[in-house]
Amino acid sequence: MRRHFSRLPILLFLVLALWGCQQQQATPDTPKQLKLLHQPLEPLLVELPGAAIPTWRESRAAKPALVLLSADPFLRPLPEMLETDILQLVSRGRAETWHQKTTPQIADPLLLPQMTVTAALKAGLFSELIWVIPTAEEAQSLSVEVFQKQLSDYGALTPEETAEVKLAEGVFSGSVQGTPFRAAPLAQLPVLDGPIVVHIDVSYFQPLYKGEIKTPLFPLIHDSLAGLRDKQFEIEAVTLSRSNLDGRLPLEVRFIGDAVAEMIRSPQLLEESVPANWQRRGDALYLANFFQNEKIRELHLAMEQDAPQDAAVKYDLYLTARLFKEGNKALNYLRQAVALDRAYALEYMTLASMALEKNRPQEALRMLDLAIQTFPEYPFIRLEKARYLIDLKEYQRARGIIDDLQTLDYSAVYHPRLPQILSEMKKATQGDD
């Protein structure tokens with residue numbers, strides 16, 4: 001959390017640059033009609049929100065409302081030329097294929113994370129959308145004009161839908177994709193009747209977290225979930241998304257998804273003292289404000305002793321070793337984190353960029369190779385390696401990568417310029433090796 005929610009992996013910028021201005025897990029058997037955070041529930045924890053759709057689909061017959069806790073409403077419009085295929089995926093797509101279709105970094109994605117709720121509403125999965133807005137503002141501070149503009153600028157609402165948005169007693173209301181919606185801060189969220197699917201994206205905590213001194217993270221998570229418990233929601237399913245793989249959230253906060261999932265499984269944690277490692281992590285986050293690196297390391301080592309298979313702890317130890325400029329030790333901890341949870345391999349992209357800034361191109365290539373080994377299905381990492389090789393005038397190696405990349409089918413919607421980019425890069429390799 002030392003870098004909080006601000007640092008985005010380089011991979012996200014690659015994807016956004018190529019898109020330009022255009023717009024896997026097994027599903028657990030969740031008990032029906034239990035009250036959220038009153039009885040133990042097994043949530044589905046996924047990487048990106050789109051992977052929750054197969055679980056949402058199982059509750060369609062109950063006509064549930066979707067209660068969404070997220071900084072992003074996931075209401076981007078669907079590309080017109082892909083809408084039919086997207087809706088077929090939502091209606092009939094197998095859960096095991098979702099990673100191949102809903103990950104932005106692959107060559108030919110179908111559904112981007114920011115379009116998830118739009119697709120679900122268009123497919124008729126929900127009777128209502130209730131978006132829990134991550135803000136601590138009082139009801140009287142909310143502005144319907146500001147909210148209308150934000151959703152309109154985002155592309156969530158048509159002009160007609162935007163004009164219909166109302167604000168009463170701290171709750172916005174209107175319709176989107178022909179479905180009623182309400183939006184409110186958690187404190188103003190009304191009690192809801194009927195079956196409900198709850199989805200929590202880790203980004204929900206981003207605007208609420210103001211640093212460990214003002215808003216300590218674990219108390220913030222506790223209070224948010226306690227507020228949800230008070231709503232007495234009758235639950236069809238609970239899903240969570242970490243949102244690290246598309247670069248929206250940094251790896252430092254990846255542990256939050258696991259902590260929230262554990263509290264849903266064991267709601268008694270809302271009444272008990274926090275687990276020892278949660279307390280240690282909170283203490284470490286607090287001490288980071290005062291650069292108490294030795295004490296932070298002691299806390300992380302104690303956490304590792306209690307949880308030797310916790311990837312987030314290995315990643316914390318990696319970050320701490322970097323603070324002490326212990327390069328080999330840091331890389332060893334990162335390797336252990338990646339072995340336990342491959343998402344941490346995104347850090348190799350950051351290290352490659354840092355190595356390039358320090359004029360260490362071979363080290364940058366080594367870091368990219370480690371990322372490629374973990375994410376062979378992500379062509380943009382190989383594209384970045386080809387760029388590095390061209391800069392080093394290693395044209396033959398670059399051409400080999402580009403030739404492989406040119407055999408892939410790229411989305412004409414999301415990556416329309418990529419074939420041209422590859423052609424231009426190949427021309428740049430025509431110099432002498």
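Modeller: Let's start with a word we'll need: buried means under 20% relative accessible area, exposed means over 50%, and partly exposed is in between. Keep in mind that this is a predicted model.

Biologist: Okay, so why is Leu 78 called buried?

Modeller: Leu 78 has a relative accessible area of 9%. The cut-off is under 20%, so Leu 78 counts as buried.

Biologist: Where along the chain is Leu 78 found?

Modeller: In the loop between strand S3 (65–69) and helix H3 (83–92). Its C-alpha atom is separated by 18 Å from that of Pro 54, and the two residues are 24 apart along the chain.

Biologist: And what makes Tyr 286 partly exposed?

Modeller: Its relative accessible area is 39%. Partly exposed covers what falls between under 20% and over 50%, so Tyr 286 gets that label. Tyr 286 lies in helix H10, residues 276–287.

Biologist: Which residues form a nonpolar patch on the surface with Tyr 286?

Modeller: Ile 213 and Phe 290. Together the three have about 300 Å² of accessible area. Patch members need over 30% relative accessible area, and Tyr 286 has 39%, so it meets that cut-off.

Biologist: Now the whole chain. How do you know that its radius of gyration agrees with a compact globule?

Modeller: With 433 residues, a compact globule would come out near 22 Å; the chain has 23 Å, so the two agree. The C-alpha trace spans about 70 × 55 × 40 Å along its principal axes.

Biologist: How much of the chain is buried?

Modeller: Buried residues make up 56% of the 433. The chain has 18 helices and nine strands.

Technical notes
Residues numbered from 1 in each chain as written. Predicted model: local features only at pLDDT ≥ 70, side-chain atom pairs only at ≥ 80, totals over all residues. Heavy atoms only, no water. Patch = residues over 30% accessible without salt bridge, like charges linked within 9 Å, V, L, I, M, F, W, Y side chains within 5 Å. Areas by Shrake-Rupley, 256 points an atom, 1.4 Å probe, with all protein chains shown as cover. Salt bridge = Lys/Arg side-chain N within 4 Å of Asp/Glu carboxyl O. Helix = DSSP H or I, 4+ residues; strand = E, 2+ residues; numbered from the N terminus. Buried < 20%, exposed > 50% of the residue type's maximum accessible area, 1.4 Å probe, protein only. Rg over C-alpha atoms; globule rule 2.2 N^0.38 Å.
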